[in-house]
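Please open the structure in your viewer and keep the selection tool to hand. The tour below moves from one selection to the next and says what is to be found at each stop.

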Amino acid sequence: MASSKLLHDQKMTLFSPYKMGKFNLSHRIVLAPMTRCRAIDGIPRSAHVEYYTQRATHGGFLISEGTAISPTAAGFPHVPGIYTDEHVEAWKKVVDAVHTKGCIIFCQLWHVGRASSQVYQPGGTSAPISSTSVPISKRWRILMPDGSYGIYPNPKPLEISELLEVVQHYRQAARNAIRAGFDGVEIHGAHGYLIDQFLKDGINDRTDEYGGSLVNRTKFLMKVTQAVAIAVGPDRVGVRVSPAIDHLDAMDSDPFNLGLAVIKNLNSLQRDLGNQKLAYLHITQPRYTAYGQTESGRPGTEDEELRLMRAWRKAYEGTFMCSGGFTKELGMEAVANGDADLVSYGRLFISNPDLVTRFKIDAPLNKYNRATFYTPDPVVGFTDYPFLSQGNTMKEPLSRL
């Protein structure tokens, strides 16, 4: 990793070009993957074409919303899939439109595991799968298809043979994404979803080779990453993890060393693949939660957050992306200090389709409306946020969002 002084001397900013493997980026502001619930029957629509094209810039980088890898993978209403030919054909329209603007786009491969309900499973009666039989606590609620909120059910722990089938689902989904024209894929191993349910010792209570030690708990992620990297090429694969995030009860007794273990294994995999680098590692800051503030208070202080992130950043041999509550100022600071190569933005990119331009000229930002994040409406809260040229903007506070 280049020293902070060198980065400062070179005046690295969010607007500095960056070479992410074979991809030449014109800036470092990335559209974060976010669930939006607009894909009726799991099929991306014309609204998706507009949504992603609105946020595309020449040399920019977008990561799609979480995209289900199989019929068992969903845990929200109206999330898109990437496991049928119909999904592939629908995504082609989105990807082609984004490419027309000279932008790069990856597909986030998603399986929610126990963060689902029977209603989202094939036939409507099966229990969701996980590393464990323990459900997510009643502290959390699942969004149901009718807009109400329910309790998470008891999941079914995967047998090893079933687990290996899921690995193949990830591999095939990655191949489908490339067939749809995506430039690459991001493996979602964060935020309490299936892969994270194996990583965290607060969830994973297995006594077989996929539970117990750090080596065992990271094995599922590594099998998925290796299978996907071999299928589509390492330089087309990103990995997202959140060692210090407790979303959906995803707690670990030692997030620092969990993060280091994941990174050590990813570095080793890159060497095993002939010293071919993965596209990037994407880590969510400890301060993030889905509700915009720290839930548990862990790890507790900004200094501790920085210690974790900088240690992980230093350890990883490749492109390092951060996300979680960044403002423009915090993003500029992260890049200038060498704490991140790329910074992904979620809520601010939802409400500001031209976020890159607004950041560049320090223009006012539209405020986001959290109530419209997860609705099936193809326009409201999705494609109707105004561009700067359209006016009606309101300045968002510069504090963490």
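Which residues of strand E13 point one way, which point the other way, and are they buried or exposed? Select residues 320–323, which make up E13: Phe320 and Cys322 point one way from the strand, Met321 and Ser323 point the other way, and all are buried. Please bear in mind throughout that this is a predicted model.

**The neighbours of E13**

Keep Cys322 selected and add the strands that pair with E13. Strand E12, residues 280–284, runs parallel to E13 and is joined to E13 by four bridges, and within this pairing Ile283 stands opposite Cys322. Strand E14, residues 342–345, also pairs with E13 in the parallel sense, over three bridges, and here the bridge partner of Cys322 is Val343. Displaying Ile283 with Cys322, and then Cys322 with Val343, lets you follow the pairing across E13.

**The whole barrel**

Now widen the selection to the strands E3, E4, E5, E10, E11, E12, E13 and E14, which in this order form a closed barrel of eight strands with parallel pairing. From one strand to the next, the twist averages 25°.

To look at another part of the barrel, select strand E10, residues 184–189, together with strand E11, residues 237–241, which pair in the parallel sense over five bridges. Helix H4, residues 160–179, packs on the sheet, where H4 touches both E10 and strand E5 (104–110), and the direction of H4 makes about 155° with that of E5. Within the pairing of E10 with E11, Gly189 is the residue to pick out, since Gly189 stands opposite Val241 in E11.

**Two helix pairs**

Packed helices come next, and two packed helices are described by the angle between their axes and the distance between the axes. Select helix H2, residues 46–54, and helix H3, residues 85–100, which pack at an angle of about 25° with their axes 9 Å apart. Because angles under 35 degrees count as roughly parallel, H2 is roughly parallel to H3. The crossing in which H2 passes H3 is right-handed. For the side chains, show His48, Val49, Tyr52 and Thr53 in H2, which meet Trp91, Lys93, Val94, Ala97 and Val98 in H3. By class, the residues of this contact of H2 with H3 divide into six nonpolar, two polar and one charged.

Then move to helix H7, residues 219–232, and helix H8, whose axes come within 11 Å and cross at roughly 30°. H7 and H8 are therefore roughly parallel to each other, and H7 passes H8 in a right-handed crossing. Here Leu221, Met222, Thr225 and Gln226 in H7 meet Val262, Asn265, Leu266 and Leu269 in H8. The residues of the contact of H7 with H8 divide into five nonpolar, three polar and no charged.

**Loops on either side of H8**

What is the sign of phi at the next two stops, Asp249 and Asn275? Most residues other than glycine have a negative phi, which is the background for both. Asp249 lies in the loop between E11 and helix H8 (255–272), and phi of Asp249 is near 65°, a positive value. Asn275, which sits in the loop between H8 and strand E12, likewise has a positive phi, near 60°. Colouring by accessibility separates the two, for Asp249 counts as buried at 11% relative accessibility, whereas Asn275 counts as exposed at 59%.

**Two further loop residues**

Select Thr35, in the loop between strand E3 (29–31) and H2. Is Thr35 buried or exposed? With a relative accessible area of 16%, Thr35 falls on the buried side, because buried means under 20%. Leaving aside its neighbours within four places in sequence, Thr35 is in contact with Glu65, Phe76, Val79, Trp110, Phe373 and Tyr374, and these residues are worth displaying together with Thr35.

Finish at Lys11, which is found in the loop between helix H1 (4–9) and strand E1 (18–20) and, at 67% relative accessibility, counts as exposed. Add Asn337 to the selection and draw a distance between the C-alpha atoms: although Lys11 and Asn337 are 326 residues apart in sequence, they are 9.9 Å apart in space.

Technical notes
Residues are numbered from 1 along each chain as its sequence is written. This is a predicted model: local features need pLDDT of at least 70, side-chain atom pairs count only at pLDDT 80 or more; totals for chains, interfaces and linings use all residues. Side-chain values use heavy atoms; hydrogens and water are left out. Two strands pair if DSSP finds at least two bridges between them. Helices (H or I, at least four residues) and strands (E, at least two) are DSSP runs, numbered from the N terminus. Axes are lines fitted to C-alpha atoms, for helices over the stretch in contact, and angles run from 0 to 180 degrees between N-to-C directions. Contact means heavy atoms within 4.5 Å. Angles under 35 degrees count as roughly parallel, over 145 as roughly antiparallel, 65 to 115 as roughly perpendicular and the rest as oblique. A crossing is left-handed if the near helix is turned anticlockwise from the far one by less than a right angle, and right-handed if clockwise. Ala, Val, Leu, Ile, Met, Phe, Trp, Tyr, Cys and Pro count as nonpolar, Asp, Glu, Lys and Arg as charged, and the others, Gly among them, as polar. Buried means under 20% relative accessible area, exposed over 50%, partly exposed in between (1.4 Å probe, protein chains only).
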